[in-house]
Amino acid sequence: MSDVKIAAELRTEFGKGAARRLRRAAKVPAVLYGHGTDPVHLALPGHDTMLALKTPNVLLTLDIEGRGSELALPKHVQRDPLKGFIEHVDLLLVKRGEKVTVEVAVHVTGEAAPGTLVNLDQSTVSIEAEATHLPEGIEVSVEGLEEGTQILAKDLTLARGSSLAGDPEQLVVNVTAAPTAEQLEGEVEEAAAEEAPADEAAAAEGEAADAEASSDES
């Protein structure tokens, strides 16, 4: 994987007010930490950071004003829950040749046998790899797999130099029988039956409230 270069400025102001001013200036507050060093508070260019973080486990080369270049991995990205813009980034300082543990996305490819349903039980798996050679994802082919087939973490094909960091017996993909039309119809009827008492209770509460209001008015 190639690294992405980002110019970073040192921050001297802190707190919510300072963070809001940074965001209004199209910049992102960030903290760089790791290797036992004191945290370094940074301001990153908003647009460049947003584009860079679209790549999972992207390796960043930070050109820090007055400090030179540092390699870093995004450890935690905080986004606005409504608008989705980046509010803050925690960055982990890394060195070339150093191994790190990260979560890597699992991508299912192919079509399983007719009449089956493919369940992705784990959308990510934990791996250990060199910080400068992190895979963007792991592909799992389900082409032609029959009902009852299970793919565990230990069955995954990892990129060269990568190894599992989590439980090798962890279930990742499970191929089951697809539900029949009768089963789906039964589930719909069951759900409707469960909702009916709740609707009746709500209607009764509404009638009681109307009666009480009428009584108060009289």
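How many Å² does the protein expose, and what share of this is supplied by carbon and sulfur atoms? The exposed area is about 13300 Å², and carbon and sulfur atoms supply 50% of it.

**Figure 1. Overview of the predicted model.** The structure shown is a predicted model. The protein contains 3 helices and 13 strands. Of its 218 residues, 31% are buried. Among contacts with a separation of 6 or more, 63% join residues that are 24 or more positions apart. The mean pLDDT is 85, and 87% of the residues reach 70 or more.

**Figure 2. Confidence in the elements of the protein.** Strand β11, residues 150–152, has the highest mean pLDDT among the elements, at 96. Helix α3, residues 181–217, has the lowest, at 63. Where pLDDT is low, the predicted coordinates should not be read in detail.

**Figure 3. The largest nonpolar core.** This core has 21 residues. Those that touch the most other members are Leu73, Val94, Val100, Val125, Ile127, Leu156 and Val172. Two or more residues come from each of the strands β5 (68–79), β7 (99–109), β9 (124–130), β10 (137–141) and β13 (171–177). Strand β7 makes the greatest contribution to the core, giving 4 residues. Because domain 1 (4–94) and domain 2 (101–177) both give residues to this core, it lies between them.

**Figure 4. Surroundings of Leu156, and the second core.** When neighbours within four places in sequence are left aside, Leu156 is in contact with Val125, Ile138, Val140, Ile151 and Val172. Leu156, Val125 and Val172 are also among the residues that touch the most other members of the largest core. A second core, separate from the one to which Leu156 belongs, has 19 residues. Its members include Val28, Ala30, Leu42 and Ile86.

**Figure 5. Helix α1 and its packing.** Which residues of helix α1 (residues 16–24) are buried? They are Ala18, Ala19 and Leu22. Seen down the axis of α1, the buried residues fall within an arc of 100°, so they line one face of the helix. Lys16 and Arg24, on the other side of α1, are exposed. The strands against which the buried residues of α1 pack are β2 (27–34) and β3 (37–45). After α1 comes Ala26, whose phi is positive, near 65°.

**Figure 6. Loop residues His35 and Asn57.** His35 is not a glycine, yet its phi is positive, at about 60°. This residue is placed in the loop between β2 and β3. His35 counts as partly exposed because its relative accessibility is 43%. Asn57 also is not a glycine and has a positive phi, of about 50°. The loop that holds Asn57 runs between α2 (46–52) and β4 (60–64). Is Asn57 buried or exposed? Asn57 is buried, as its relative accessible area is 15%.

**Figure 7. Lys5 and Asp63.** Lys5 is part of strand β1, which covers residues 4–10. With a relative accessibility of 64%, Lys5 counts as exposed. What distance separates the C-alpha atoms of Lys5 and Asp63? They are separated by 7.1 Å, while the two residues are 58 residues apart along the chain.

**Figure 8. His47 and Ile86.** His47 belongs to helix α2. At 52% relative accessibility, His47 counts as exposed, because the cut-off for this class is over 50%. The C-alpha atoms of His47 and Ile86 are separated by 9.8 Å, and the two residues are 39 residues apart along the chain. Ile86 is one of the residues of the second nonpolar core.

Technical notes: Residues numbered from 1 in each chain as written. Predicted model: local features only at pLDDT ≥ 70, side-chain atom pairs only at ≥ 80, totals over all residues. Heavy atoms only, no water. pLDDT = per-residue confidence, 0-100. Core = buried A, V, L, I, M, F, W, Y, C linked by side-chain atoms within 4.5 Å. Buried < 20%, exposed > 50% of the residue type's maximum accessible area, 1.4 Å probe, protein only. Domains from an automatic or database assignment. Contact = heavy atoms within 4.5 Å. Areas by Shrake-Rupley, 256 points an atom, 1.4 Å probe, with all protein chains shown as cover. Arc of directions from axis to C-beta.
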